[in-house]
Structures are given as structure tokens and as C-alpha cells.
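Me: Please take one part of this model and describe it closely, contact by contact. Then place it in its surroundings.

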Amino acid sequence: MPHHGDIKSDALSFKILGFLSRKDGFVSGEELSQEFSISRQAFWKHIEFLRHLGYEIEARPHYGYKITARPDKLFPFEIQRDLHTKIIGKTMHYYPVLDTTMEKMLFHAQRGAREGTVVITDAQTKGRGRLGRTWVSPKDAGIYFSVLLTPRVAPGEVSKITLLTALAIVEALEHTGDGAFSIKWPNDVFLNDRKIAGILTEIEAEQDLIKFACIGVGINVNAEKSQLPATATSLKAEFGKAMPRAELAARVLEALDEYYREVFLRGEFEKKLDDIKQHLRMLGKPVKIIQHHETIEGTAYDIDTDGALVLRTPYGVIKRILSGDVELAR
Ligand code: BTN
């Protein structure tokens, strides 16, 4: 967060913001000076700092102060003020811009960040996709974050978290408009046949146990179509109106927190399989799986209990696919 004037602690600015946010009407200067016991001059600096961040604060003589508009930023303050989670997002690190949240999370993880830590940004200059691709991350137009998870599981288990994350995204976005949301195995979310969100899961593991998983989520919210790759879309492009990003981020984190704790950690992934299959693209369709060294063709037939895609090849052989890129075979 940028520093402003001689304000040493942004924390107090956000406490003042919190106080103002909890009240409906004007808050008098007297009430504020009782609560914070700082000089008028010091108080004014905090108000100026908050305005600098994009908050519109009306100051009316005899009445006091009132927030009249909030910036559309992914500030932890904005996300956490209505976030009901147990693990995810208790600690959040915000950056106005990053190369990628994945690297920054690694930095925090190596310094002992706790499980559930979120790194979130309003723009990425080197957004990372799967298989060496880039994730286009225009400023203030999407939600870009990584979550640190440290379950004591084998690396093979982590693909379940990726699928549960996809389901969490679908669940959180479904209410935003009247469109067809679907999951493309193993890590994409589509809206009306175009990609709206992507998940990148990276792990650090030791033999049979992971040290941590970093789940990266990118969601196209208010981007114009012209800012995105041709195969992608955004909520705004589909539904015609801009959406509050911080609020959506909170809903995604809540759904993810619930699935992680109540499904994954309890070993109950199978209970969500039907939900996942109901949203799955390409089930029952002829597909091509593109892997590093080979392409496998067949009919996408099922998702099995560990999250693998099950294919039936033209010769009737059943194959379990653990990773790769799925395309419709034409
Ligand atoms: C994909 O579709 O290939 C995965 C895209 C994942 C994008 C997100 S945005 C936040 C996080 N940081 C990154 O650099 N990538 C992930």
C-alpha cells in the first residue's frame, strides 16, 4: 500500500474506515475523536489517505463524515468486511500490481505463511497459465489471487482440490447472471462456451507428501472482450454490466473454504462428484487429450473418485487421464 504524507500506520486509516463503514449516516467529529483520540490534524491525514485510495468521503460541517463511494479495488479491507471463512483469507496480502501472484505466494510460503493465506492483486504483468501459457490480467478488470494450502496429503490428491475449486467458482458466479456455467476438466470454468476463469495449481512436495499447494485463480470480471483472448469472455461481456469484484472474490473464497474443509479435508471428494459431473463440459463427447508427448482420442466417459478423467478409446479400452489438455475431437 502506498505511503501518504507522514502517516506511519495504514492500519489506523483502515480502523477509521471500518468505523465509518459500520455506520449508516454521518459520524460526528466528536464521536470520532472519542473513538480514536488523535488530533484533528492527524485524523484529517487519514481521511486524505483514504481518499487517495479511492474512497469518497463527504465531510459536512456540523454533521461529520460519511463514506459516499468505495473504489472497485481488491483491498483486503473490502473483501474481509463480509467474508465468512474459517481457513482461507484470514491473512491477505494485497498488491496493486504483481508479475504473478504465484511467485509472490512462494515468497510468503518460504517465510512461513500460514495455511489459507491469500495473495491478491488488481493486475498482473506476467500472469501464468497452465502448460507455460500466459493469463491475460488487465488492471482492475479481473480477480487474480493465489491461496496457500497445506494438507498432509500425497501429490496425487491435489487434483481433487483443483476440481473443487472449479466447482466453487461456478457456485459463486452462478448468481451473477443468466448464463450457462460449466467446468472444463481439469481446471477451467466456462460461461456460454467461452473461458471465464482458470485455475493453476502448483505444489512443492517431498516424496509422498506435499509441503504446500498454491492454488491460483484468475476470473475475468469486468474486462472488455477486446482486452481478452478470442476464446475468453468476462461476466461484463456476457451480462452487460460491471460487477463488484471484491464482493465476488469474497463469495469465491467462501465457497472454496467450505469445499476445502468440509469435502476435501474430510476425504469426501466423492460426495461432490455428481455436482462436478453435472457441470462438466464434454462428458459423453469425442475428445482429444493433448499431453506432452502424445495425443489420446476417445470419448470422455466419466470422472473417477480421484478426479481423473476416464476415456473410452475407439477400441473400447478404458483409460484414466490424470493431466493434459482436453479438446473436442472434430
Ligand atoms: C489456466 O487457465 O491455464 C490457469 C490460469 C490461472 C490464472 C491465475 S491468475 C492468479 C494466479 N496467478 C497467476 O499468475 N496465475 C493464476
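Reply: The side chains of Gln124 and Ser137 are joined by a polar contact of 3.0 Å (a pair of N or O atoms within 3.5 Å; within protein, one must be able to donate a hydrogen and the other to accept it, and residues adjacent in sequence count only if both atoms are side-chain atoms). This is a predicted model, in which local features need pLDDT of at least 70 and side-chain atom pairs count only at pLDDT 80 or more, while totals for chains, interfaces and linings use all residues. Residues are numbered from 1 along each chain as its sequence is written, and side-chain values use heavy atoms, with hydrogens and water left out.

Gln124 sits in the loop between S4 and S5 (strands are DSSP runs of E, at least two residues, and helices runs of H or I, at least four, numbered from the N terminus). Gln124 counts as buried because its relative accessibility is 12% (buried is under 20% relative accessible area, exposed over 50%, partly exposed in between, with a 1.4 Å probe and protein chains only). The Gln124 side chain also reaches the backbone nitrogen of Thr101, at 2.9 Å. Leaving aside residues up to four places away in sequence, Gln124 touches Leu98, Asp99, Thr100, Thr101, Trp135, Ser137 and Tyr144 (contact is heavy atoms within 4.5 Å).

Gln124 also meets the ligand: an N or O atom in its side chain is 3.0 Å from a ligand nitrogen atom. Thr101 places a polar side-chain atom 2.8 Å from a nitrogen atom of the ligand. For Thr100, a polar side-chain atom lies 2.6 Å from a ligand oxygen atom. Of the 410 Å² that the ligand exposes when taken alone, the protein buries 99% (areas from the Shrake-Rupley method with a 1.4 Å probe). In total, 19 residues surround the ligand (a heavy atom within 4 Å). The closest are Thr100, Thr101, Arg128, Arg130 and Lys195.

Lys195 belongs to strand S8. Beyond residues up to four places away in sequence, Lys195 touches Trp135, Asp188, Val189, Phe190, Asn220, Thr231, Ala232 and Thr233. Trp135 is thus listed among the contacts of Lys195 and also among those of Gln124. Ser182 is 13 residues from Lys195 along the chain, and their C-alpha atoms are 9.3 Å apart.

S4, S5 and S8 take part in an open sheet of seven strands with mixed pairing, in the order S3-S4-S5-S9-S8-S7-S6 (two strands pair if DSSP finds at least two bridges between them). The edges are strand S3 (92-95) and strand S6 (181-184); each has a single partner strand, so one side of each is left without a neighbour in the sheet. With direction ignored, neighbouring strands are turned by 15 degrees against each other on average. S3 runs parallel to strand S4 (residues 118-121), and four bridges join the two. Tyr95 has Thr121 in S4 as its bridge partner. That same Thr121 is buried together with Val119 on one side of S4, while Val118 and Ile120 are buried on the other, and both faces of the strand are covered.

Helix H5 (residues 101-110) lies across S3, S4, strand S5 (142-149), strand S8 (194-206) and strand S9 (209-220). H5 runs at about 30 degrees to S5 (axes are lines fitted to C-alpha atoms, for helices over the stretch in contact, and angles run from 0 to 180 degrees between N-to-C directions).

The model also holds an open sheet of five strands, S13-S12-S11-S10-S14, with antiparallel pairing. Strand S13 (318-321) and strand S14 (325-328) are its edges, and the twist averages 45 degrees from one strand to the next. Strand S10 (residues 286-290) is joined to strand S11 (residues 295-303) by five bridges, and Ile290 is partnered by Thr295 in S11. Four bridges link S11 to strand S12 (residues 309-312), where Arg312 stands opposite Thr299. These two strands form a hairpin with five residues between them, and Gly307 in the turn has a positive phi of about 95 degrees. S12 and S13 form a hairpin with five residues between them as well, with Gly316 in the turn at a positive phi of about 85 degrees.
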